[in-house]
Amino acid sequence: VRAIAQTPDGVLWFGTDSGLARFDSRRVQTVLLPAAASNKILALKTSADGTLWIGTEAGLFRLAGGKLQAVKETENY
C-alpha cells in the first residue's frame with residue numbers, strides 16, 4: 001500500500017502498485033482506471049467536497065460523483 005485516504009462517506013481507499021481499492025467496512029472492491037492509465041497509485045487525497053484525487057505514474061485522476069476522470073494539465077482545479 002502506497003497511499004490511504006478516507007472520503008467523507010467513511011469509505012477507505014488504498015492505492016497500491018496493482019491499482020486502487022475501495023473498502024466500505026464490509027468488502028474490498030477493485031476500482032479500474034482507464035486502459036491508458038498506470039495501475040501504480042502513488043498518492044491519494046480527498047477534498048472537502050468528497051472528491052478523491054488519485055496520483056498515478058500516468059498522471060492525475062479524480063473520482064467525484066461516482067465518475068472517474070483523467071485530469072488534463074490545462075484544467076484549473
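Start by selecting strands β1 to β4: these 4 strands form an open sheet in the order β1-β2-β3-β4, and their pairing is antiparallel. Look at the two borders of this sheet. Residues 3–6 (β1) and 28–31 (β4) lie at the edges, and each has a single partner strand, so one side of each is left without a neighbour in the sheet. From one strand to the next, the twist averages 25°. Keep in mind throughout the tour that you are looking at a predicted model.

**Zoom out for a moment**

Show the whole chain as a cartoon. You will find 0 helices and 8 strands, so to speak a plain β-β-β-β-β-β-β-β pattern when read along the sequence. Colour by accessibility next: of the 77 residues, 34% count as buried. If you like contact maps, here is a number for yours: among contacts with a separation of 6 or more, 25% are between residues 24 or more positions apart.

**Inside the first sheet**

Now select residues 12–16 and 19–23. These are β2 and β3, which run antiparallel and are joined by 5 bridges. Label Gly15 and look across to β3, where Leu20 stands opposite. As a general reminder while you look at the backbone, strands of a sheet pair through backbone hydrogen bonds, either parallel or antiparallel.

**The second sheet**

Move on to β5 through β8. Here is another open sheet of 4 strands, ordered β5-β6-β7-β8, again with antiparallel pairing. Which strands stand at its edges? They are β5 (41–46) and β8, each with a single partner strand, so one side of each is left without a neighbour in the sheet. Neighbouring strands of this sheet are turned against each other by 20° on average, with direction ignored.

Select residues 52–56 and 59–64 to see β6 and β7, an antiparallel pair joined by 5 bridges. The two strands form a hairpin with 2 residues between them. Within this pair, Leu52 stands opposite Leu63 of β7.

Then add residues 67–70, which make up β8; 4 bridges join β7 to this strand, and the two run antiparallel. The bridge partner of Ala64 in β8 is Lys67. β7 and β8 also form a hairpin with 2 residues between them, and in its turn Gly65 has a positive phi of about 60°.

**Stop at Ile41**

Centre the view on Ile41, which is found in strand β5. Is this residue buried or exposed? Ile41 counts as buried, because its relative accessibility is 0%. Show its surroundings: leaving out residues up to four places away in sequence, Ile41 touches Arg2, Gly15, Thr16, Gly19, Leu20, Leu33, Ile54, Gly55 and Thr56. Draw a distance line to Thr56: the two C-alpha atoms are 4.6 Å apart, although Ile41 and Thr56 are 15 residues apart in sequence. Gly15 and Leu20, the opposite residues you labelled in the first sheet, are both among the contacts of Ile41.

**Finish at the largest pocket**

For the last stop, select Thr7, Asp9, Val11, Trp13, Arg22, Asp49, Gly50, Leu52, Leu63, Ala64, Gly65 and Gly66, which line the largest pocket. The volume of this pocket is about 170 Å³. How do the lining residues divide by character? There are 5 nonpolar, 4 polar and 3 charged. Some members of the lining will be familiar: Leu52 and Leu63 are the opposite residues from the β6–β7 pair, and Gly65 is the turn residue with the positive phi.

Methods:
Residues numbered from 1 in each chain as written. Predicted model: local features only at pLDDT ≥ 70, side-chain atom pairs only at ≥ 80, totals over all residues. Heavy atoms only, no water. 1 Å grid on protein atoms, 1.4 Å probe; cavity = no way out; pocket = protein on both sides within 12 Å on 5 of 7 lines; lining within 4 Å. Points joined across faces, edges and corners; volume = space filled by probe spheres on them. Nonpolar A, V, L, I, M, F, W, Y, C, P; charged D, E, K, R; others polar. Pairing = 2+ DSSP bridges. Axes fitted to C-alpha atoms, helices over the stretch in contact; angles between N-to-C directions. Buried < 20%, exposed > 50% of the residue type's maximum accessible area, 1.4 Å probe, protein only. Contact = heavy atoms within 4.5 Å.
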